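User: Could you walk me through a sheet in this structure, step by step? I am new to reading folds.

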Amino acid sequence: MTDGRVAIEATGLCKSFGSVDVLTGVDLAVERGTLLALLGQNGAGKTTFVRILTTLLRPDRGRGAVNGYDVVRQANDVRASIGLTGQNTAVDKLLTGRENLVMMGRLCDLGPAGARRRAEQLLEQFELVDAADRQVKTYSGGMRRRLDLSISLITAPPVLFLDEPTTGLDPRSRLTMWDTIRALLGGGTTVLLTTQYLEEADRLADQVAVLDGGRIVAQGTPNELKRKVGTDRAELSFADEAAFDRAGELLRDENVRGDRQQATLSIPMHDVKQLKCVLDRMESGGVEVTGLAVTKPTLDDVLLAVIGRPATRSAGQEERTA
Amino acid sequence: MTEMTAVATGGTRHRSGLRTALRDSAVLSGRSIRHIVRNPEQAMVVVFLPIMLLVLFRYLFGGAIQTGAGGYVNYLIAGIMVISVAFNATTTTVGVCTDMLEGIVERFRSMPMVSTAVLTAHVVAAVVRNLISMTVIVLVGLLIGFRPAASPAGWAAAVGLMVLFVAAISWLAVIFGLLADSPEGATGLSLIIVFVPYASSAFVPPGTMPTALRLIVENQPVTPVIDAVRGLLLDQPIGNAGWLAVAWWGGILLIAVPLAGFLFRRRTGR
């Protein structure tokens, strides 16, 4: 890799399972110290992509590099540079939280004393001190996920892969996880995150990339992508259906969408002046506007626009690709 | 040139492969050995099953089976040891299968370590479990009439042979664990290992059997292990049973270890 500012780089990555082409040429680069959220439908190949970059799977063609190391030829150097939190919590349920951390630390070459010290730090950082000597099978889902993430951080790796780290977590645990991820970003860690929750991508990501049909079909900052697919919309509410119908008449020339039962109209809004103009027309036409809201396009709209289908799934569902 | 290399490898340690493999195996053996204590079902198989088998066979069949001088319990001990090795193998098969299905092997593979060490660790734990089982069998045996006559050298040879047998059986159990798709499937496959010792000289001398069965029993690889261990413990001549057992199980071990490594890579790779 020539550019030292890029921590994760994929060039023309291809992978097929039998006759199923999962990745058909993925190009992607993640800058150091930033978070890229990889979005896509179930089965789009997000997990396959993560597995290739974490050396768990060999690409058929193309090349992947992490922290400057080739994922095939320098797999061990890549492994020493990364942390991985996958969809399945990869902890030993029969061991205690502390035993898990010490074991993983020793496997990461920290030595017995070093592994114990690091375990202590991480237990404290992830608020697991009270549960440290309990078997992991007694932990709640959120605690297991915290332990799992803390194991990924044992060597304080410069690059972190998080494959749906908050799937199945309750809202409070999710917020805690987000705070942790933000703190890691603040410390200079590079993160590649896959998620089913668009809100998560919106809150955390510097860059969002959408994987569909085996390729990256859109990439940019969340705001760039949103601007591409749509404009802000003004949503006007009315007292009744009669008022709604009259407003519809008055705004015939605008590109309005309406919901007669709710008596609301939504109008694409390019600037504030336009909003004033619309309200003036309502007033001069004698239609009372009972409510007004301005909505911005969401990443849902982005996904709908670039892959033609909404990508959100219910929380429990998991992606199965490999 | 040197500067480039320094940049490319900067910050990572390149450790010798063998040392890493030994260290990782030791750390993960610690994990698998802890599982013996943490898992009540394992304690059941390790301690109580051998006791029940020993007492059951001793008193259920002991009156009916004639095995020559010294009493049936003396004949039985080696057979019960081998049968309990087979039962303990089930634990290994299910343990390996479970590890493969849960995320933990993925995690090991994403770390700068020798991930096949997880298989070695399962075998080391199996040896520990079986040493516990054998100790229990000998102690309970002594209570119900077992009278060993072995010299220290005889004991050492018997234990050494059993450890070789346990290691080989455990690697076979690892292979079944790598082949199984589910813990249920793993249990089913390990029944193969559990069954084979029954068609041996474990409970009755082959001389009493019909010719066809006798030929199978006398020529299958478990029988020389039982005959050699029995002879060593009772300080009786063992003929070529010892060398036959070493050849069989040494050979199986030499095939099973690389095969397990191959299956591990095939299952996790691509």
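Analyst: Happy to! Keep in mind that this is a predicted model. A good place to begin is A:Ser237, which stands opposite A:Thr264 in β13(A).

User: Which residue of β14(A) does A:Ser237 stand opposite?

Analyst: We have just met A:Thr264 of β13(A) as one residue opposite A:Ser237. Turning to β14(A), the residue opposite A:Ser237 is A:Gly291.

User: How many bridges join β11(A) to β14(A)?

Analyst: Strand β11 of chain A covers residues 232–238. One of its residues, A:Glu235, has A:Ala293 as its bridge partner in β14(A). The two strands run antiparallel, and the number of bridges joining them is six.

User: In what order do the four strands of the open sheet lie?

Analyst: β11(A) pairs with β13(A) in the antiparallel sense over six bridges, and β11(A) is also joined to β14(A). With β12 added, the sheet's pairing is antiparallel and the order in chain A is β12-β13-β11-β14.

User: Why is one side of β12 and of β14 in chain A left without a neighbour in the sheet?

Analyst: Look at the ends of the order: β12 (257–259) and β14 (289–295) of chain A are found there, at the edges. One side of each lacks a neighbour because each has a single partner strand.

User: Which helix packs on the sheet touching β11, β13 and β14 of chain A?

Analyst: Helix α9 (residues 241–250) of chain A packs on the sheet too, but the strands it touches are β11, β12 and β13. The helix touching β11, β13 and β14 spans residues 272–284, and its direction makes about 145° with that of β13(A). That helix of chain A is α10.

Key
Residues numbered from 1 in each chain as written. Chains lettered and ligands numbered in written order. Predicted model: local features only at pLDDT ≥ 70, side-chain atom pairs only at ≥ 80, totals over all residues. Pairing = 2+ DSSP bridges. Contact = placed C-beta atoms within 7 Å. Axes fitted to C-alpha atoms, helices over the stretch in contact; angles between N-to-C directions.
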